[in-house]
Amino acid sequence: MKLAALIFDVDGTLAETERDGHRVAFNEAFKQKGLSWQWDVKTYGDLLKITGGKERIRHYVETYNIDKSSLPESLDTLIPNLHKAKTDCFVSMVAEGKMPFKTGVTRLFELAKKDQLKLAIATTTTLDNITALIKANLGSSGLNLFDIVAAGDIVANKKPAADIYDYVLQQLDLHPDECLAFEDSHNGLLSATGAKLTTIVTPSFYTQSEDFSMSPLVLDSFGDEKHKVTVLKGEDKGKDYLDIEWMQSLLS
Ligand code: XBP
Ligand code: MG
């Protein structure tokens, strides 16, 4: 089938946001609420198996021996309050330019648009985070590049469930055979392949050693003029960067 759309994950795929972004923002929110919780780099890596920030906080409270009687408010009130503070903090960090796009992301968007491909976002993270990230990296008109931005609580089940990709395909009115997904994690790959999407993986800081056997192509980045792409799994076409012809070759 002819390639018609590219669907992107956000965290770890468009930018390296987890260790020095989301993690730091969670810790700042805990401090603001007078909590002594601190998610160090290792702990946060373990917690990342729970997708979604609100779900991650709940999992932490329920499985890390936290004394619930010491909480400043009920858990059901505390979680959304903490998460709002965390989102505000993350958005400020992004606006300060602390979360640049990974190598080749902007070039890939440009190539896609030149070829009249549709662009979409399918992510677990909160819409405000994406809006800020795209604005900081592509300017205030950056969001116009995307036909669909699907985020966070818009679907009932977050990744690794396929819901978010199924939703995007439905909105685009396209068949999975006409699209490619881009992910950085095993959970994301499960979600995209669950929606029958061929998925290119670019691993991120926390996902380097995860299982990507379901992906036909794993790259260190999308590559650009300055950084030639390295193929970690799949056919090496000898190209400097991921281009339309290479992506098309992955579709049957
Ligand atoms: C990444 C996530 C998110 C972020 C935090 O998902 O699991 O939960 O860590 O975002 P993806 P929120 O790679 O699919 O973007 O706190 O806004 O939930
Ligand atoms: Mg991701």
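## Strand β1 and its partners

β1 and β4 pair in the parallel sense over four bridges, where pairing requires at least two bridges found by DSSP between the strands. Here strands (E, at least two residues) and helices (H or I, at least four) are DSSP runs, numbered from the N terminus. I7 of β1 has A181 in β4 as its bridge partner. β1 also pairs with β2, again in the parallel sense and over four bridges; in that pairing A5 is matched with K118.

Both faces of β1 are covered: A5 and I7 on one side, and L6 and F8 on the other, are all buried. Buried means under 20% relative accessible area and exposed over 50%, with partly exposed in between (1.4 Å probe, protein chains only).

## Basis of the model

This is a predicted model, in which local features need pLDDT of at least 70 and side-chain atom pairs count only at pLDDT 80 or more, while totals for chains, interfaces and linings use all residues. Residues are numbered from 1 along each chain as its sequence is written, chains are lettered from A and ligands numbered from 1 in the order in which they are written, and side-chain values use heavy atoms, with hydrogens and water left out.

## The sheet and its helices

β1 belongs to an open sheet of seven strands in the order β3-β2-β1-β4-β5-β6-β7, with mixed pairing. The edge strands, each pairing on one side only, are β3 (148-151) and β7 (231-233). On average, neighbouring strands of this sheet are turned by 25 degrees against each other, direction ignored. Axes are lines fitted to C-alpha atoms, for helices over the stretch in contact, and angles run from 0 to 180 degrees between N-to-C directions. Strand β2 (residues 118-123) pairs with β3 in the parallel sense over four bridges, and I121 stands opposite V149 in β3.

Helix α6 (residues 127-138) packs on the sheet and touches β2 and β3, its direction making about 135 degrees with that of β3. Contact means heavy atoms within 4.5 Å. Helix α7 (residues 163-172) lies across β1 (5-8), β2, β3 and β4 (179-183), and runs at about 155 degrees to β2. K135 is found in helix α6 and is exposed, with a relative accessible area of 51%. The C-alpha atoms of K135 and D67 are separated by 40 Å, and these residues are 68 residues apart along the chain.

## Magnesium site

The magnesium ion (ligand 2) has three protein donors, D9 (OD), D11 (O) and D184 (OD), lying 2.2 Å from it. Donors are N, O and S atoms within 2.8 Å of the metal (3.2 Å for Na, K and Ca); water is not among the atoms, so sites may look incomplete. The spacing of the donor residues in sequence is D-x1-D-x172-D.

D9 counts as buried because its relative accessibility is 5%. D11, at 11% relative accessibility, is also buried.

## Surroundings of ligand 1

Ligand 1 is surrounded by 19 residues, the closest being G53, R56, K86, T123 and T126; a residue is near a molecule if one of its heavy atoms lies within 4 Å of it. Polar contacts (pairs of N or O atoms within 3.5 Å; within protein, one must be able to donate a hydrogen and the other to accept it, and residues adjacent in sequence count only if both atoms are side-chain atoms) include three side chains at this ligand. A polar side-chain atom of T126 lies 2.6 Å from an oxygen atom of ligand 1. For R56 the corresponding distance is 2.7 Å. An N or O atom in the side chain of D9, one of the magnesium donors, is 2.8 Å from an oxygen atom of ligand 1.

## Loop residues

T17 sits in the loop between β1 and α1 (18-32) and counts as buried because its relative accessibility is 1%. Apart from neighbours within four places in sequence, T17 is in contact with D11, G12, H22, F90 and M99.

The peptide bond from K159 to P160 is cis, with omega near 15 degrees. P160 lies in the loop between β3 and α7. D173, in the loop between α7 and β4, has a positive phi of about 60 degrees although it is not a glycine. D173 is exposed, at 67% relative accessibility. K196, in the loop between α8 (186-194) and β5 (198-201), is a residue other than glycine with a positive phi, near 70 degrees. K196 is exposed, with a relative accessible area of 65%.
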